[in-house]
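Here are my notes on this one, written as numbered points. Have the coordinates open while you read.

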Amino acid sequence: MPLILKLNGLFNTFGASSSVIIRVLTEDGCVVNQVVRENQVIVVVGETGSGKTTQLTQYLHEDVYTKGAIIGCTQPRRVAAMSVAKRVSEEMETDLGDKVGYAIRFEDVTSPNTVIKYMTDGVLLRETLKDADLDKYRYAPSDSSQYFIFFGIFCTLDLFNLMDDGTHERSLSTDVLFGILKKVVSRRRDFKLIVTSATLNAEKFSNFFGSVPIFHIPGRTFPVNILYSQTPCEDYVEAAVKQALTIHLTSPPGDILIFMTGQDEIEASCYALAERIQQLVSSSSRAVPELSILPIYSQLPADLQAKIFQPAAAGARKCIVATNIAETSLTVDGILYVIDSGYGKMKVYNPRMGMDALQVFPVSRAAADQRAGRAGRTGPGTCYRLYTESAYLNEMLPNPVPEIQRTNLGNVVLLLKSLRVDNLLDFDFMDPPPQENILNSMYQLWVLGALNNVGGLTEIGWRMVEFPLDPPLAKMLLMGDRLRCTDEVLTIVSMLSVPSVFFRPKDRAEESDAAREKFFVPESDHLTLLNVYQQWRVNQYRGDWCNDHFLHVKGLRKAREVRSQLLDILKTLQIPLVSCGMDWDVVRKAVCSAYFHNAARLKGVGEYVNCRNGTPCHLHPSSALYGLGYTPDHVVYHELVLTTKEYMQCATAKLHNSSVCLVHPSVTFLREFERREREREREKERGR
DNA sequence: GAGCACTGC
């Protein structure tokens with residue numbers, strides 16, 4: 001059992017100046033700094049509102065033994081990194097970017113003076129690429145005192161905090177960082193690591209780093225009374241609507257937050273709620289107070305999203321119906337009642353078929369607690385769970401399945417290979433992804449030419465690591481260089497890196513479909529994306545032009561941002577920006593080169609099968625290839641997504657007269673690959 | 001003849 005130290009009240013001076021804390025702590029014998037001196041790694045359980053992201057870093061910085069140290073602190077979101085850095089720079093009375101700074105994808109607000117640096121975990125992961133031992137976070141002792149040798153470098157790996165609000169999910173980056181940091185810690189005695197954690201995970205993290213001590217910092221939230229359904233609920237949309245009405249008519253003032261799984265359910269609940277209220281108003285003699293019903297999900301246009309933060313009219317109550325966006329990504333004050341359906345959508349990946357699917361799952365206990373906590377930010381609240389206590393205790397997983405176990409690992413494999421982790425199956429993952437998943441990603445990288453026959457990075461592989469892109473897209477970019485069409489490929493890659501730019505409101509479906517078809521380039525969705533972007537550019541990147549053509553302005557602007565970042569990387573690699581003009585057949589060759597693993601041949605009407613594994617795949621009705629009047633005999637596709645069928649998202653047909661072979665000779669290589677795997681297995685067994 | 005939980009480099 002790891003040692004658990006309770007330091008109650010230690011950081012409860014949240015909001016007070018840091019000097020007060022320092023005094024209190026230095027007068028106290030048992031202080032965190034001392035524990036940090038005595039331990040290379042600690043786990044800190046900080047409850048909501050404990051101030052661990054803002055106070056802990058300052059405290060470490062002000063400790064006399066850490067003078068000269070650089071403190072890094074990761075945050076799960078970009079806004080969090082920015083706003084925490086701003087706040088701490090104000091508290092320390094320095095300019096943002098001077099002593100206190102932050103780094104996120106498109107912005108590096110740090111200077112040589114920076115001693116406390118907030119960043120997203122993805123940025124830190126990228127830093128490990130250039131600097132595997134994180135030497136930047138090294139302390140150069142100006143004093144020869146022996147004591148100094150071991151102290152000075154702190155890296156607060158803050159995985160579970162959005163501002164002062166706990167979250168519980170581990171991203172792909174944090175899971176990889178865990179393994180890398182464990183190595184760094186063992187190599188460098190002068191490197192200190194503080195992992196902050198939710199209560200549920202603390203012991204697991206502690207064990208991963210070798211049973212390191214755990215600290216507890218209490219928070220400042222209000223109690224939430226949790227009420228369960230007596231019986232399992234058949235229709236949680238109906239149950240949620242009923243519960244919301246009951247609260248509205250019988251409970252004291254305070255806003256309501258309902259958790260649903262997606263857009264459809266949210267729209268259905270909002271509609272039902274509005275209808276019931278209307279019925280009550282017309283049938284009841286009693287006055288029915290006003291209820292302001294507000295949907296929120298990420299796809300909702302920004303101006304409608306902003307409405308949830310506006311205070312309700314006098315005497316009215318707000319009822320927000322949300323996806324799990326309200327679980328972690330945004331916080332609304334004034335919520336006293338939470339209604340939790342107990343479900344959420346999650347992306348799952350099937351490595352064997354190379355297919356993604358978005359599916360509804362029961363949420364984890366940690367997520368359910370997070371949802372309940374949303375009722376306790378302004379005062380004591382209530383959470384109505386539309387499931388039984390027994391379901392909570394016996395059927396829900398304690399934690400969500402980490403992303404690393406349910407996603408394509410192409411990027412992770414490439415990254416680890418570049419860090420010279422030779423045997424990925426031996427890498428110290430806290431929760432190792434399925435072996436099949438790793439092998440499949442390795443195979444894919446080998447097909448793309450990024451790995452050689454013995455699993456090492458090739459010249460192309462090393463260059464692919466430079467790009468913050470999935471391996472196939474990085475390959476497409478490099479092929480664009482070889483085929484002298486970097487300009488066009490750069491645009492396609494950027495467009496594929498943002499959510500679909502086509503806007504299709506339900507009530508104007510036909511109109512928007514017609515608008516989309518105007519951009520079609522025959523036989524290619526990739527070239528259609530290129531066409532959209534180029535026309536937008538011709539029209540001076542105008543917002544009103546987007547609206548006229550049913551395109552998402554936000555998405556296109558993001559694509560432009562991504563494009564300019566990738567262009568910078570091309571410059572540093574000394575790859576020139578070359579346009580092939582209107583000779584787009586050459587662009588199609590680059591596109592094909594990226595998707596050997598996603599090549600399919602025609603099998604029936606509109607039905608294809610993957611050339612390698614025989615997975616059925618269908619053309620999506622929104623594809624430029626759909627209404628051609630004929631179906632090309634070979635296509636490549638960006639990804640396969642399971643909805644009502646296995647649909648190919650973004651497809652391009654093979655050129656009729658092209659000598660480009662869509663079926664990579666790898667089909668025979670695969671057999672060779674598998675044979676070697678089997679041989680290795682056998683050798684292992686013989687060894688035993 | 002049809003879909004979109006949510007981040008991040």
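1. Start with helix 5, which gives 3 residues to the surface near DNA strand B, the largest share of any element. Helix 5 covers 121–130, and strand 17 (343–350) also supplies at least two residues there. Bear in mind throughout that this is a predicted model.

2. How many residues surround DNA strand B? The count is 28, and the closest are Arg-105, Thr-120, Ser-298, Lys-345 and Thr-644. On the DNA side, sugar and phosphate make up 66% of the strand B atoms that come within 4 Å of the protein.

3. The phosphate contacts deserve a look one by one. The side chain of Ser-298 places an N or O atom 2.5 Å from a phosphate oxygen of DNA strand B. For Thr-120 the corresponding distance to a phosphate oxygen is 2.9 Å, and for Thr-643 it is 3.0 Å.

4. Which classes of residue make up the surface near DNA strand B? Nonpolar and polar residues contribute 10 each, and 8 are charged.

5. Now the domains. The assignment for chain A has domain 1 at 4–217, domain 2 at 224–401 and domain 3 at 410–587. Domain 1 puts 20 residues into its contact with domain 3, which answers with 19 residues.

6. Between domain 1 and domain 3, about 1,700 Å² is buried, with 63% of that area coming from carbon and sulfur atoms. On the domain 1 side, Arg-105, Phe-106 and Arg-126 provide 32% of what that domain buries against domain 3, more than any other three residues. Notice that Arg-105 turns up again here: it is also among the closest residues to DNA strand B.

7. As for polar links, the interface of domain 1 and domain 3 has 2 salt bridges. Lys-204 and Asp-431 form a salt bridge through their side chains, at 2.9 Å from N to O. Residue pairs in polar contact across this interface number 5, counting pairs with both residues at pLDDT 80 or more.

8. Which elements give two or more residues to the side of domain 1 that touches domain 3? They are helix 5, helix 7 (172–187) and helix 8 (199–208). Helix 7 has the largest share, with 7 residues. By class, this side of domain 1 comprises 10 nonpolar, 2 polar and 8 charged residues.

9. A last pointer: go back to helix 5 with both surfaces in view. Helix 5 contributes to the surface near DNA strand B and also to the side of domain 1 that touches domain 3.

Key:
Residues are numbered from 1 along each chain as its sequence is written. Chains are lettered from A and ligands numbered from 1 in the order in which they are written. This is a predicted model: local features need pLDDT of at least 70, side-chain atom pairs count only at pLDDT 80 or more; totals for chains, interfaces and linings use all residues. Side-chain values use heavy atoms; hydrogens and water are left out. A residue is near a molecule or strand if one of its heavy atoms lies within 4 Å of it. A polar contact is a pair of N or O atoms within 3.5 Å; within protein, one must be able to donate a hydrogen and the other to accept it, and residues adjacent in sequence count only if both atoms are side-chain atoms. Helices (H or I, at least four residues) and strands (E, at least two) are DSSP runs, numbered from the N terminus. Ala, Val, Leu, Ile, Met, Phe, Trp, Tyr, Cys and Pro count as nonpolar, Asp, Glu, Lys and Arg as charged, and the others, Gly among them, as polar. Domain bounds come from an automatic or database domain assignment. Contact means heavy atoms within 4.5 Å. Buried area is the accessible area (1.4 Å probe) that two parts lose on being put together, summed over both. A salt bridge is a side-chain nitrogen of Lys or Arg within 4 Å of a carboxyl oxygen of Asp or Glu.
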